[in-house]
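User: I would like to learn how to read a protein model feature by feature. Could you walk me through one?

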Amino acid sequence: MNILVTGGAGYIGSHTVLSLLNNDFDVIVFDNLSNSSIESIRRVEKLTDKKVTFVKGDIQDKAALAELFCAHNIDAVIHFAALKAVGESSTMPLAYYQNNVNGSLCLLEVMATFKVKHFIFSSSATVYGGDNNVPYIETMPLGEASSPYGASKVMVERMLNDVAKADSDFRAISLRYFNPIGAHESGQIGEAPQGVPNNLLPYIAQVAVGKRKSLQVFGDDYQTLDGTCERDYLHVMDLAEGHVAALKWLNKQRGFTGVEAFNLGTGKALSVLSIIRAFEQVSQQNIRYEIGARRSGDLAAFWANADKANRLLGWQATRSLEQMIEDTWRWQVNNPEGYL
Ligand code: NAD
Ligand code: WQD
């Protein structure tokens, strides 16, 4: 089967491409490399000893997409391509709606023209918003998004529902990721943020390796066990395998039409301080940190109820926190400048 992976050179995309190749899918990556490097794909090819068809292009370029669908017999699309910095989305909302919402719209239009009906979407725990109780479960309503980034994910989920209502052959899955961290165990591919990392793990890793002086912990006065925020961190390879499980499920469901959402998380929440301590133990480095102000938009704690993915997809996260941190650390030490 030919799988088109948009954004496949990025962090989660590259790990998923590796899992797809190891499961004998043929992969075509379409990426504009705005937040990634072609080197990730080269390394995936080396690790798997398989070839990836790479096309550089933007999902808003419908002519380029049409050319690609013409040249390859695409069976399904996994759609990662998006801008993903929550804070930045508040300062440049239009860029986020343009890229994430209009980009998805262009892709879905070209898919419709070429009658490609299977779609897997990178959604996020952020679609539950702040008003739902934890743990989040798929039966909850989509929440009031706390950022334009979050709103863009909610909008695409809504768009998929409407497309499915209008076309009974269309089948889509929204995978709602919690907090993916870690790297492939080889230390060859991983998360390579440009500039100052927004997310916790890449920031800690850069402090541990001496690239940054100290971490700001965003608040220690939350209603949690140690006062710092709690999140559901999962290994990026578990997440990658979740996509393969979702694709296999989509392929074998004869009766299913419409859109199905699945949470991908471990079902457990860990605090910022406990992550720092675990990182110190694994890396044997002292992580300097200071307690700063709360970050606007942060929620105290959220984690997944991931029973549905287990029940229907046969998927569950299996890798431990220690493995997540060991793999992050190996990647960071081997590649202090990312793919550069
Ligand atoms: P990433 O930035 O590493 O990967 C995104 C990829 O898409 C990059 O390679 C980028 O170059 C490409 N891209 C962006 N806009 C494009 C466009 N218009 N045309 C073609 N390519 C384009 O991010 P990631 O962490 O791998 O995230 C992948 C997806 O998962 C995103 O949709 C993101 O919103 C979603 N997600 C990520 C997280 C997370 O914590 N990393 C959590 C939940 C959901
Ligand atoms: C984790 C915890 C911070 C950095 C975001 C998006 C979410 C999803 C995943 C895409 C929080 C704390 C962080 C730092 C800190 N992405 N922190 N100092 O905010 O849970 O989720 O990424 O869909 O939608 O919102 O992840 O890694 O930024 O933060 O104290 O320098 O670490 O306050 O509690 P977050 P994160």
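Analyst: Happy to; we will go from the sheet to the ligands and then to the backbone, keeping in mind that this is a predicted model.

User: Where do I start with the sheet, and in what order do its strands lie?

Analyst: Start with which strand pairs with which, then read off the order. Here seven strands make an open sheet with parallel pairing, and the order is E3-E2-E1-E4-E5-E6-E11. An edge strand pairs on one side only, and here the edges are E3 (53–56) and E11 (258–264). Leaving direction aside, neighbouring strands in this sheet are turned by 20 degrees against each other on average.

User: Which residue stands opposite His 79?

Analyst: For that, zoom in on one pair of strands. E4 (residues 76–79) and E5 (residues 118–124) run parallel and are joined by three bridges. Across this pair, His 79 faces Phe 121 in E5.

User: Which strands does helix H3 lie across?

Analyst: For a helix on a sheet, list the strands in contact and then look at the angle. H3 (residues 62–71) lies across E1 (2–6), E2 (26–31), E3 and E4, and runs at about 170 degrees to E2. Try the same reading on H6 (residues 148–166): this helix lies across E5, E6 (171–177) and E11, at about 155 degrees to E5.

User: Now the ligands. How many residues surround ligand 1, and which are the closest?

Analyst: The shell is the set of residues with a heavy atom within 4 Å of the ligand. For ligand 1 there are 26 of them, and the closest are Asp 31, Asn 35, Ser 36, Phe 80 and Tyr 149. Next, ask where the shell comes from: H1 (11–22), E5 and H6 each give at least two residues, and E5 supplies the largest share, with three. By class, the shell has 11 nonpolar, 11 polar and four charged residues.

User: What are the polar contacts of ligand 1, and how much of the ligand is buried?

Analyst: Look for short N or O pairs, noting whether the protein atom is in the backbone or the side chain. One oxygen contact, at 2.6 Å, is to an N or O atom in the side chain of Ser 36. Polar backbone atoms take part too: ligand oxygen atoms lie 2.8 Å from one in Ile 12 and 2.8 Å from one in Phe 80. As for burial, ligand 1 alone exposes 810 Å², and the protein buries 95% of that.

User: How does ligand 2 read?

Analyst: Follow the steps again. Its shell has 18 residues, with Tyr 149, Gln 216, Arg 231, Arg 295 and Asp 298 the closest. E8 (residues 215–218) gives the largest share, four residues. The classes are nine nonpolar, six polar and three charged. Polar side-chain atoms lie 2.6 Å from a ligand oxygen in the case of Arg 231 and 2.6 Å in the case of Asp 298, while a polar backbone atom of Leu 200 is 2.8 Å from a ligand oxygen. Ligand 2 alone exposes 680 Å², of which the protein buries 89%.

User: Finally, what should I look for in the backbone?

Analyst: Most peptide bonds are trans, and most residues other than glycine have a negative phi, so departures are worth noting. The bond from Val 134 to Pro 135 is cis, with omega near -5 degrees, and Pro 135 sits in the loop between E5 and H6. Leu 33, although not a glycine, has a positive phi of about 60 degrees. Leu 33 belongs to the loop between E2 and H2 (38–48).

Definitions and conventions: Residues numbered from 1 in each chain as written. Chains lettered and ligands numbered in written order. Predicted model: local features only at pLDDT ≥ 70, side-chain atom pairs only at ≥ 80, totals over all residues. Heavy atoms only, no water. Pairing = 2+ DSSP bridges. Axes fitted to C-alpha atoms, helices over the stretch in contact; angles between N-to-C directions. Contact = heavy atoms within 4.5 Å. Polar contact = N/O pair within 3.5 Å; in protein donor to acceptor, adjacent residues only side chain to side chain. Areas by Shrake-Rupley, 256 points an atom, 1.4 Å probe, with all protein chains shown as cover. Nonpolar A, V, L, I, M, F, W, Y, C, P; charged D, E, K, R; others polar.
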